[in-house]
Amino acid sequence: MKHIFIVLLSIVFVATSCQSEKKEEKEKIVIGGKKKTVSPEFELGEKLFKGKGNCYSCHRMNKKSVGPSVADIMKIYKEQNGDVVGFLRQKKDPIVDPENYAVMKTNFARLQKFTDEELQAIAFYMNEVSSK
Ligand code: HEC
């Protein structure tokens with residue numbers, strides 16, 4: 001009887017420790033070789049960037065496609081203290097590739113329907129995935 005109890009206890013212990021490991025994995029992702037905690041804001045930003053925002057169809061993380069890579073954009077934004085949300089709200093001029101601004105401009109009508117919180121989440125996501 002005592003043995004069964006101990007066996008049961010260890011099963012419960014193993015089961016709960018497995019669970020907490022899984023939870024931790026979900027909260028951390030690897031960006032630029034570093035583990036980072038995924039916050040709700042990051043998750044929202046990623047969802048919008050790749051989904052409703054459609055940003056990913058023109059912006060890859062590390063290589064240029066139709067638009068500059070997120071890494072290139074954020075490098076310049078960090079150097080020049082740029083304001084992603086301000087740019088997306090058309091309050092700030094382009095500083096990365098002004099010659100191709102017309103292509104990026106096609107998004108602004110759609111982005112007007114995004115809340116400030118959503119645009120901030122997109123900016124947060126872009127900043128997180130490009131910071132090493
Ligand atoms: C149809 C293609 C296309 C889509 C979709 C697109 N972009 Fe762009 N984006 C571009 C191009 C081209 C540029 C380079 C021109 C420029 O710098 O304005 C650019 C530039 C940018 C810049 C740098 C602006 C600067 O200061 O020069 C940011 C920030 C940006 N995009 C964010 C986004 C976000 C966020 C989304 C999704 C909501 C998005 N883009 C969707 C094509 C696109």
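A pocket, as I use the word here, is an open set of grid points where a 1.4 Å probe fits, with protein on both sides within 12 Å along at least five of seven lines. With that in hand, I opened the model, which is a predicted one.

**Entry 1: the pocket**

I looked up what fills the largest pocket, and found that its space is taken by the ligand. I then asked which residues come nearest to the ligand. There are 24 residues around the ligand, and C55, C58, H59, Y77 and M104 come nearest. Next I checked which helices build the shell. At least two residues of the shell come from each of α3, α4 (84-88) and α5. The most is given by α5, which supplies 3 residues.

**Entry 2: the iron**

Which protein atoms serve as donors of the iron atom of the ligand? I found NE2 of H59 and SD of M104, at 2.0 to 2.1 Å from the iron. H59 sits in the loop between α2 (40-50) and α3 (70-79), while M104 is part of helix α5, so the two residues tie together parts of the protein that are 45 residues apart in sequence. I also wrote down the geometry of the iron site: it is octahedral, with 6 donor atoms and angles of 89 to 178° among them.

I went back to H59 to see whether it is buried or exposed. H59 has a relative accessibility of 11%, and because the cut-off for buried is under 20%, H59 counts as buried. Its side chain also has an N or O atom 2.8 Å from a nitrogen atom of the ligand.

**Entry 3: backbone atoms at the ligand**

I looked for polar backbone atoms by the ligand's oxygen atoms. A polar backbone atom of V96 is 2.7 Å from an oxygen atom of the ligand. For D97, a polar backbone atom lies 3.1 Å from a ligand oxygen atom.

**Entry 4: N107**

I moved on to N107, in the loop between α5 (101-105) and α6 (108-111). What does its side chain touch? I found a polar contact of 2.6 Å with the side chain of R110. The relative accessible area of N107 is 18%, so N107 is buried.

**Entry 5: two positive phi values**

I searched for residues other than glycine with a positive phi and noted N81 and Q90. Phi of N81 is near 55°, and N81 has its place in the loop between α3 and α4. N81 is exposed, as its relative accessible area is 71%. For Q90, phi is near 65°. Q90 belongs to the loop between α4 and α5, and its relative accessible area of 43% makes it partly exposed.

**Entry 6: I73**

I stopped at I73, which is in helix α3. I73 has a relative accessibility of 10% and is therefore buried. How far is its C-alpha atom from that of I95? I noted 8.9 Å, for two residues that are 22 residues apart along the chain.

**Entry 7: the whole fold**

Last, I stepped back to the whole protein. I counted 7 helices and 2 strands. Along the sequence, the order is α-β-β-α-α-α-α-α-α. The protein has 132 residues, of which 28% are buried. H59, N107 and I73 are among the buried ones.

Terms used: Residues are numbered from 1 along each chain as its sequence is written. This is a predicted model: local features need pLDDT of at least 70, side-chain atom pairs count only at pLDDT 80 or more; totals for chains, interfaces and linings use all residues. Side-chain values use heavy atoms; hydrogens and water are left out. Helices (H or I, at least four residues) and strands (E, at least two) are DSSP runs, numbered from the N terminus. Buried means under 20% relative accessible area, exposed over 50%, partly exposed in between (1.4 Å probe, protein chains only). A polar contact is a pair of N or O atoms within 3.5 Å; within protein, one must be able to donate a hydrogen and the other to accept it, and residues adjacent in sequence count only if both atoms are side-chain atoms. Donors are N, O and S atoms within 2.8 Å of the metal (3.2 Å for Na, K and Ca); water is not among the atoms, so sites may look incomplete. Four donors count as tetrahedral if all angles lie between 85 and 135 degrees; four count as square planar and six as octahedral if opposite donors are over 155 degrees apart and all others between 65 and 115; anything else is irregular. A residue is near a molecule or strand if one of its heavy atoms lies within 4 Å of it. On a 1 Å grid over the protein atoms alone, a cavity is a set of points where a 1.4 Å probe fits but cannot get out, and a pocket is an open set with protein on both sides within 12 Å along at least five of seven lines; lining residues have an atom within 4 Å of a point. A molecule sits in a cavity or pocket if more than half of its atoms lie within 2 Å of its grid points.
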